Amino acid sequence: MQDCLSSSEERMKKSVASLKEGFAAIRTGRASAALFDRIRVDAYGEKSPINQVANISVPEARLIVIQPWDKNLITEIEKAIRSSELSLNPSNDGKVIRISIPPLTEERRKDLVKQAKAQAEQSRVAVRNIRRDGNEELKKLLKDSKITEDDESKGTAELQKLTDSYIEQVNKILEEKEKEIMEV
């Protein structure tokens with residue numbers, strides 16, 4: 001029974017971590033190095049994350065500076081940023097790439113909040129599916145006489161507590177992201 005509960009909790013943790021990762025890629029009006037986590041650059045014949053070929057810094061709230069370790073990669077990095085879904089316009093001086101983060105329009109903010117809510121709902125559904133899988137596992141253990149009915153009902157109650165706590169975490173993360181997006 002403990003194996004079932006701990007594996008369910010592990011899967012729920014991964015769902016929440018995945019949500020956080022997804023939220024890091026949603027652009028707010030503020031500059032953040034996390035915006036580039038998913039962008040890959042053609043470097044030396046293979047796709048590499050930007051942070052593995054350059055230093056990314058945020059000197060001001062609305063400015064990101066990317067300094068490639070190899071100056072020959074500047075155009076590749078610029079190309080990767082332009083072709084990403086971030087809608088950013090990088091400029092370079094031959095040594096560093098500067099990206100000014102424009103403030104978001106009200107309409108764009110609302111779109112981003114909708115996106116965030118959809119991602120959060122996917123996470124809540126994933127957590128509930130994990131609970132369902134855990135409950136099925138407990139029923140199977142009961143059927144195979146590996147646990148008692150009392151153990152099964154305790155396990156089901158534990159799974160429900162886990163589910164409630166992880167859904168609460170998802171809601172908190174969404175609330176914080178909404179505030180961040182709607183900030184002017």
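Two strands are taken to pair here if DSSP finds at least two bridges between them, and with that criterion in hand the hairpin of this predicted model can be described. Strand β1 (residues 40-43) and strand β2 (residues 46-49) run antiparallel and are joined by four bridges, so the pair satisfies the requirement of at least two. Within this pairing, Asp 42 has Lys 47 of β2 as its bridge partner. The hairpin has two residues between its strands, and Tyr 44 takes a positive phi near 55° there. Tyr 44 is a residue other than glycine with a positive phi, and its place is the loop between β1 and β2. With a relative accessible area of 62%, Tyr 44 is exposed, because that class begins over 50%.

A second residue with a positive phi is found in another loop. Ser 145, although not a glycine, has a phi of about 60°, and it lies in the loop between α3 (106-143) and α4. The relative accessibility of Ser 145 is 64%, which counts as exposed.

From the hairpin we can turn to the sheet. Four strands form an open sheet in the order β3-β4-β6-β5, and their pairing is antiparallel. The edges are held by β3 (54-60) and β5 (91-92), and because each of these has a single partner strand, one side of each is left without a neighbour in the sheet. For β5, two bridges provide the link to strand β6 (residues 97-100), and these strands run antiparallel. Ser 91 has Arg 98 in β6 as its bridge partner.

Arg 98 also leads to the charged side chains. Side chains of opposite charge can pair when their charged atoms come close. Arg 98 forms a salt bridge with Asp 93, in which the closest N and O atoms are 3.2 Å apart. On the side of the acid, Asp 93 is partly exposed at a relative accessible area of 48%, while Arg 98 is likewise classed as partly exposed, with 38% relative accessibility.

How many salt bridges does a search of the whole structure find? The search finds twelve. One of them joins Arg 132 to Asp 133, with the closest N and O atoms 3.3 Å apart; Arg 132 counts as partly exposed at 43% relative accessibility, and Asp 133 is partly exposed with a relative accessible area of 26%.

Another salt bridge is found between Glu 180 and Lys 177, where the closest N and O atoms are 3.6 Å apart. These residues are three apart in helix α4, so about one helical turn separates them. Is Lys 177 buried or exposed? At 8% relative accessibility, Lys 177 counts as buried, whereas Glu 180 is partly exposed with a relative accessible area of 27%. Elsewhere, salt bridges that share partners join Arg 11, Arg 132, Asp 133 and Glu 136 into one network.

Helix α4 (residues 149-182) is also the place of Asp 164, which belongs to a patch of charge. Asp 164, Glu 168, Glu 175 and Glu 176 gather on the surface in a patch that is negative. Asp 164 is partly exposed, with a relative accessible area of 43%, and this accessibility is compatible with its place in the patch because a patch is made of residues with over 30% relative accessible area and no salt bridge.

Note on methods: Residues numbered from 1 in each chain as written. Predicted model: local features only at pLDDT ≥ 70, side-chain atom pairs only at ≥ 80, totals over all residues. Heavy atoms only, no water. Patch = residues over 30% accessible without salt bridge, like charges linked within 9 Å, V, L, I, M, F, W, Y side chains within 5 Å. Areas by Shrake-Rupley, 256 points an atom, 1.4 Å probe, with all protein chains shown as cover. Salt bridge = Lys/Arg side-chain N within 4 Å of Asp/Glu carboxyl O. Lys, Arg positive; Asp, Glu negative; His and termini not counted. Charge placed at Lys NZ, Arg CZ, Asp CG, Glu CD. Buried < 20%, exposed > 50% of the residue type's maximum accessible area, 1.4 Å probe, protein only.
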